[in-house]
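I opened the notebook to look up a pocket, the nonpolar packing and one acidic side chain, and I have kept the entries in the order in which I went through them.

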Amino acid sequence: MELTMRWFGPADPVKLWQLRQVPNLSGVVTALHDVVPGKPWTSQAMQALRSVVEAAGLRLSVIESIPVHEDIKLGNARRDERIQAWLESLRVVAAAGVQTVCYNFMPVFDWIRTDLAHPQPDGSTSLVFRQAEVERRQIGVGELSLPGWAEAYTPAELADLRAAYAEVDAAALRQNLVYFLRAVVPEAARLGVKLAIHPDDPPWPVLSLPRVVSTTEDLRFILEAVPNEHNGLTFCLGSLGARPDNDLLAMVEAFAPRIHFVHARNVKRLSNRDFDEVPHVSHFGSTNLARVVLRLEELRPRVPVRPDHGRMIWGETGRPGYGLYDRALGAMYLQGLIDAVRERRQHG
């Protein structure tokens, strides 16, 4: 697989020259982070981003992500307008030579954690999730804030969104996703861009908001609803691995041809819906990350992979989950697994 790392643009504390020094890391995963959801990206901004990445000796490998506007998820009167804006951005990405786009379809909130710097026994800190802590919050009742949530929503805006989603259950959200896919996948195929939906994180409903990209059945439904190779998956081991009933190896076997991007991350499940993010190395977590990555390299040797959500170690500070040191360690762990498969392939 192509070893990549996520980068959040010039304001990222981790610099491209540092990523360039991670052995065999060639790809950058990024986006135009200053463009609000629903507004089309411009060719000038996209080409400038590509130029910055290439000037550092790296390749712009994956766009993560072109945000899907809430109007699309809600399926309201403005969704067609929002879809056209999304397609304009997709064409800009394709014109810049990027062939993989990661996106998600989680209502209102992207990934959710309850602590961004939870102390671990070794002195590092990591991201964690505690279900009971989330359940104590209510949208639209007082101040609502959890680590990792978008700062853009005021309490009133959150209340409005929650009221809108009261009319959207899981079945409706699933159909709104299919509507979106039927609108965008044909154009992605024409452009030669692989779309890779990211699983829900965590992979279950949160604050009564539906989530529909959480299980084997969810993934199968999405792929069968629009049976085109350009409609595919971001296989996030950490997100999917937070559910004990998700068999990651079986998922790889079932969906390998449609896995277009891999997020390698390990979690330790503490209870059915509590977990800590832990080092990538398999025995620290509840996921046998090594076994899954070895099989992915066998079945999908050309897809990009990135180490996801590192701890903060060695006194590093910065963007939670996206420091340099632990992600670099994770990258080298992944590279060792990839090398093992390549050696076996070459020498039998």
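**Pocket, core and one aspartate**

I began with the second largest pocket of this predicted model, and by class I found its lining to hold four nonpolar, six polar and five charged residues. I noted that about 260 Å³ of space lies in this second largest pocket. Among the 15 residues that line the pocket, I listed Q99, T100, R302, V303 and P304 as the closest to its centre.

I then turned to the largest nonpolar core, which has 92 residues, and looked up which of them touch the most other members: these are W41, M46, I63, W86, F180, L195 and F235. Helix 7, residues 170–191, gives this core its largest share, seven residues. I also recorded a second, separate core of five residues, including V29, V62, A196 and F261.

I followed M46 further and, leaving out residues up to four places away in sequence, found that M46 touches L32, W41, L60, I63, V92, V93, A96 and V98.

My last entry concerns D308, which I located in the loop between strand 12 (304–307) and helix 12 (325–347). Is D308 buried or exposed? Its relative accessibility is 2%, and buried means under 20%, so I entered D308 as buried. Leaving out residues up to four places away in sequence, I found that D308 touches C236, H263, A264, R265, H280 and Y322. For Y322 I could add that a polar contact of 3.5 Å joins its side chain to that of D308.

Technical notes
Residues are numbered from 1 along each chain as its sequence is written. This is a predicted model: local features need pLDDT of at least 70, side-chain atom pairs count only at pLDDT 80 or more; totals for chains, interfaces and linings use all residues. Side-chain values use heavy atoms; hydrogens and water are left out. On a 1 Å grid over the protein atoms alone, a cavity is a set of points where a 1.4 Å probe fits but cannot get out, and a pocket is an open set with protein on both sides within 12 Å along at least five of seven lines; lining residues have an atom within 4 Å of a point. Grid points are joined across faces, edges and corners, and a volume is the space filled by probe spheres set on the points. Ala, Val, Leu, Ile, Met, Phe, Trp, Tyr, Cys and Pro count as nonpolar, Asp, Glu, Lys and Arg as charged, and the others, Gly among them, as polar. A nonpolar core is a set of buried Ala, Val, Leu, Ile, Met, Phe, Trp, Tyr and Cys residues joined through side-chain atoms within 4.5 Å. Buried means under 20% relative accessible area, exposed over 50%, partly exposed in between (1.4 Å probe, protein chains only). Helices (H or I, at least four residues) and strands (E, at least two) are DSSP runs, numbered from the N terminus. Contact means heavy atoms within 4.5 Å. A polar contact is a pair of N or O atoms within 3.5 Å; within protein, one must be able to donate a hydrogen and the other to accept it, and residues adjacent in sequence count only if both atoms are side-chain atoms.
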